[in-house]
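Thanks for coming, everyone. I'd like to walk you through one model today, so let me put it on the screen.

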Amino acid sequence: MSFVLSESYVRSGKNGIIYDASEWSGVQKIAGRVCDDMAAVFGHRPAIYTVDTKSDLKYPVLVGTIGRSAMLDGLEACGKIDLSKVRGKNEVFSLTVSEAVTVATEAGTKEYAAALIIAGSDKRGTIYGLFHLSEMLGVSPFIDWLDLKPARMDSLTLEDGFSYISKEPSVR
């Protein structure tokens with residue numbers, strides 16, 4: 001199974017971003033900016049949810065910061081992600097696609113067909129991971145300053161098992 005971001009999925013409510021309510025406010029703000037970028041690419045803005053909010057998503061983007069996200073802890077415990085190459089680093093993130101994802105919440109469990117999991121080693125790492133998703137959609141970081149509109153896309157499909165781990169910055 002693949003992870004799919006598309007106009008029809010965004011419009012139907014099958015795509016969205018989910019994070020823990022305890023996530024950094026900066027991460028929450030940037031998640032909103034990435035939703036704006038998706039609207040620029042697909043024509044519709046996906047919704048943002050906390051992990052405990054009721055939603056009918058099929059292909060969510062799950063976002064979390066190591067040490068701040070119980071959702072990430074649970075995904076790692078059940079073997080859906082490996083955070084060993086990210087944990088303890090500075091400003092590093094991983095993007096992982098996993099199928100048949102189950103997330104434990106206070107109200108029970110939620111199951112998703114597939115999810116793109118963005119995990120940051122720290123707040124900046126998580127934010128950089130979100131911006132990397134925008135880059136994958138063809139959105140320029142200068143969209144606001146230079147009025148550079150991204151090309152419309154029908155969909156972005158990432159195969160199960162897709163994994164990307166950023167490098168640690170060479171300058172602190």
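**From the core outwards**

Let's start at phenylalanine 3, which touches Tyr59, Pro60, Val61, Val97, Ala114, Ala115, Leu116, Leu156, Thr157 and Leu158, leaving aside residues up to four places away in sequence. Before I go further, please keep in mind that this is a predicted model.

So where does Phe3 belong? The largest nonpolar core has 29 residues, and those touching the most other members are Phe3, Ile17, Leu116 and Leu133. Several elements supply at least two residues each: the strands β1 (2-6), β2 (15-19), β4 (59-65), β5, β6 (108-120) and β7, together with the helices α2 and α4. Which of them gives the most? That is α2, with 8 residues. There is also another core lying apart from this one, made of 18 residues, among them Ile66, Leu83, Val86 and Val92.

Let's turn to α2, then. This helix runs over residues 25-42, which makes 18 residues. From first C-alpha to last it reaches 26 Å, close to the 26 Å expected at 1.5 Å a residue. Its buried residues are Gly26, Val27, Ile30, Ala31, Gly32, Val34, Cys35, Asp37, Met38, Val41 and Phe42. As you look at that list, remember that an α-helix has 3.6 residues a turn, so residues three or four places apart point the same way. Just after α2 comes glycine 43, with a positive phi of about 90°.

Since Cys35 is on that list, a word on cysteines. Cysteine 35 is buried because its relative accessible area is 0%, below the 20% cut-off. Cysteine 78, on the other hand, counts as partly exposed at 47% relative accessibility. And how many disulfides are there? With sulfur atoms required to lie within 2.5 Å, the count is 0 disulfides.

Now the other helix feeding the main core, α4. It has 14 residues and spans 20 Å between its first and last C-alpha atoms, close to the 20 Å expected at 1.5 Å a residue. Buried here are Gly125, Thr126, Ile127, Gly129, Leu130, His132, Leu133 and Ser134. Is histidine 132 buried or exposed, and why? Histidine 132 counts as buried because its relative accessibility is 16%, under the 20% limit. Its contacts, again without residues up to four places away in sequence, are Phe93, Leu95 and Tyr164. Following α4 we meet glycine 138, where phi is positive, near 85°.

A little further on is proline 141, in the loop between α4 (123-136) and β7 (155-159). This proline is exposed, with a relative accessible area of 62%. Its C-alpha is separated by 9.9 Å from that of aspartate 37, although the two are 104 residues apart along the chain. Aspartate 37, you'll recall, is one of the buried residues of α2.

My last stop is lysine 80, which sits in the loop between α3 (70-77) and β5 (93-105). With a relative accessible area of 25%, lysine 80 is partly exposed. Beyond residues up to four places away in sequence, it touches Leu75, Thr96, Ser98, Glu99, Ala100 and Val101. One polar contact to look for: the lysine 80 side chain reaches the backbone oxygen of alanine 100 at 3.3 Å. As for α2, lysine 80 and glycine 32 are 25 Å apart, C-alpha to C-alpha, with their positions 48 residues apart in sequence.

That's my tour, thank you!

Methods:
Residues are numbered from 1 along each chain as its sequence is written. This is a predicted model: local features need pLDDT of at least 70, side-chain atom pairs count only at pLDDT 80 or more; totals for chains, interfaces and linings use all residues. Side-chain values use heavy atoms; hydrogens and water are left out. Buried means under 20% relative accessible area, exposed over 50%, partly exposed in between (1.4 Å probe, protein chains only). Helices (H or I, at least four residues) and strands (E, at least two) are DSSP runs, numbered from the N terminus. The expected span of a helix is 1.5 Å times one less than its number of residues. Contact means heavy atoms within 4.5 Å. A polar contact is a pair of N or O atoms within 3.5 Å; within protein, one must be able to donate a hydrogen and the other to accept it, and residues adjacent in sequence count only if both atoms are side-chain atoms. A nonpolar core is a set of buried Ala, Val, Leu, Ile, Met, Phe, Trp, Tyr and Cys residues joined through side-chain atoms within 4.5 Å.
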